[in-house]
Amino acid sequence: MAQQVETPADRTGDDRRRRDWYALEERHATLQKVRVAGLAAVAVAALAVPRDLSPGERGLAVAACLAAILLHVVLALVPLRWERRLLLAADASLLVDAALVVVLAELSGGPGGLGLWLLPVVALAVTLGYSVWFGVKALVLGGIAAAGLVALAQPDGPGAEEVAGPLVLAAVVVAVSGVLIGVDRRDTERSARKATRLHAASSALLIAEDRDAVLLTARIGVEEILPGWEVTVALGEAPATTRFWRDGERSLIEIPITAAGGRPLGRITASRRLPRLRAHVRARQLDEARGIAAAAGAALERIADIERLSELSMADGLTGLGNRRAFDQALDEELARAARTGAPLGLVILDVDHFKRFNDRHGHQAGDGALTAVAAVLASEARTEDRACRIGGEEFALLLPGADEAAAAGVAERIRRGVEAADPPGEPVTVSLGVAAARGEGDARALFAEADARLYAAKSGGRNRVVATAPT
């Protein structure tokens, strides 16, 4: 026997039926309370208002209302005890309403009596309380009740024309209520879809890890809101407000993406071939697109904050160069790239000569100035793809992707001369430099150790020099 597999569509249908059932359960409980309150008011009116009823008829009307109240209380409790009897209880409540209308109409004069005019009230309450389908059922039961009243009437008494007014009014009430309910339901569904789309887009933007992911998510979200439109999302300049214009035979919309303070971050542009002066977009669609633009702005601002914090954690506070953490990370990344491409990777390590003596002679403030001057020379010699870092107190490093040992030695010599020619506070300083290179082999520790050994050789050999060969 084949096993039946539950599909997503089946689960969706089950969820919808379950929601409808819970809604009916809540509506039934609420409508029973309304019925009890309304019947209590009818009982009071039966005692006070109609002056042409005899005391016996008044008593019967009150008794009928009290009996109906009791039955509705029981029918309100039935679903609480037996959940599967909810539909039966709702239908039984309609029968109680119809029976009460018959009794009150008969007591108030038959088909032409005042009691039959309760039919439109009952139809309205049932339609709004349950649904249009229940309103139709109440209308059918009201028609049966009216037919019964006509059949019970005297031959020369009121006929079918007397019951037509309440029935027609009840039918109009059900029809109008059904239209209004349909409109309200569509508005509610549209609002729910809008909230779902915005929630999905906002959730996706909330977890976006980079700007490209933000732009892609925002574009997909706006394309769902504006089907048939070509949507692009770009960073850079943004309009002050949403604007519409026409470019040839295309209508365009531009929505700004801004940060929380109104700082422009980018724009969402939607275009469509449309022979109209203005783009045809509903206000709710525009509101949704603006909501996604706002969420995209918040996501971009969050990513920028994360990047700023990351840069601060990877930067040396005094010189502005990368710190030791940034150097270690860059060294691993460049060695991995060199292993993939086979390109060389040069490394220069330099140390300020006699820096402790300089500090003791001129003070720490002048020492900071000397370090800043060395960092400026290092940064000026570094290319865009190079990475200059301060890896210790007076020790610096420069990564040179694509540079072999000879090219790295040439850069190191220019740095040495630049520092020697600089004019830091106190007195000129010099640096010693060690140079090493790798070409897709070795690891970070070995390359650093090789450059560090050559730096030591430069310091041992008299300082203010570059060593680019293995020391003997």
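Which residue in S7 is the bridge partner of Arg 387? Select Arg 387 and look across: its bridge partner in S7 is Leu 399. Before going further, a word on what you have open.

**Before you start**

This is a predicted model, in which local features need pLDDT of at least 70 and side-chain atom pairs count only at pLDDT 80 or more, while totals for chains, interfaces and linings use all residues. Residues are numbered from 1 along each chain as its sequence is written, and side-chain values use heavy atoms, with hydrogens and water left out.

Colour the chain by pLDDT (the predictor's confidence in each residue, from 0 to 100). The protein chain averages 82, and 87% of the residues score at least 70. Now select residues 1-9, where the pLDDT is below 50. Beyond near neighbours in sequence, this stretch has three contacts in the model, a contact being heavy atoms within 4.5 Å. Where pLDDT is low, the predicted coordinates should not be read in detail.

Helices (H or I, at least four residues) and strands (E, at least two) are DSSP runs, numbered from the N terminus.

**Stop 1: H2 and H3**

Select residues 55-81 for helix H2 and residues 86-107 for helix H3. Their axes come within 9 Å and cross at roughly 175°, so H2 is roughly antiparallel to H3. Axes here are lines fitted to C-alpha atoms, for helices over the stretch in contact, and angles run from 0 to 180 degrees between N-to-C directions. Angles under 35 degrees count as roughly parallel, over 145 as roughly antiparallel, 65 to 115 as roughly perpendicular and the rest as oblique.

Show the side chains at this contact: on H2 they include Leu 60, Ala 64, Ala 68, Leu 71 and Leu 75, and on H3 they include Ala 89, Val 96, Leu 100 and Leu 104. The residues of the contact divide into 17 nonpolar, two polar and two charged. For these classes, Ala, Val, Leu, Ile, Met, Phe, Trp, Tyr, Cys and Pro count as nonpolar, Asp, Glu, Lys and Arg as charged, and the others, Gly among them, as polar.

**Stop 2: the four-stranded sheet**

Move on to the open sheet with strand order S1-S4-S3-S2, whose pairing is antiparallel. Two strands pair if DSSP finds at least two bridges between them. S1 and strand S2 (243-247) stand at the edges, each with a single partner strand, so one side of each is left without a neighbour in the sheet. From one strand to the next, the twist averages 25°.

Pick Ile 268 in S4: Val 233 stands opposite this residue, and so does Ile 255. Strand S1 (residues 230-235) pairs with strand S4 (residues 264-273) over six bridges, and strand S3 (residues 250-258) pairs with S4 over nine. Arg 250 has Arg 273 in S4 as its bridge partner. Follow the hairpin of S3 and S4 through the five residues between the strands, and you will find Gly 262 with a positive phi near 90°.

**Stop 3: H10 and H11**

Next, select Phe 355 and Phe 358, a stacked aromatic pair with 6.4 Å centre to centre and 10° between the planes. Rings of Phe, Tyr and Trp (its six-membered ring) pair if their centres lie within 6.5 Å; planes under 30 degrees apart count as stacked, over 60 as edge-to-face and the rest as tilted. The two residues are three apart in helix H10 (residues 355-362), which means that about one helical turn separates them.

Add helix H11 (residues 364-381): the axes of H10 and H11 come within 7 Å and cross at roughly 135°, so H10 is oblique to H11. Both phenylalanines belong to this contact, along with Asn 359 and His 362 in H10, and they meet residues of H11 including His 364, Ala 370 and Leu 371. By class, the contact has five nonpolar, four polar and no charged residues.

**Stop 4: back to S6 and S7**

Finish at the five-stranded open sheet, ordered S6-S7-S5-S8-S9 with mixed pairing. Its edge strands are S6 (387-390) and S9 (466-467), each pairing on one side only. S6 and S7 form a hairpin with four residues between them, and they pair in the antiparallel sense over four bridges.

Select Leu 399 once more: this residue of S7 is also the bridge partner of Leu 347. Strand S5 (residues 345-352) and strand S7 (residues 395-401) pair in the antiparallel sense over seven bridges. Finally, show helix H12 (residues 405-421), which packs on the sheet and touches S5, S7, S8 and S9.
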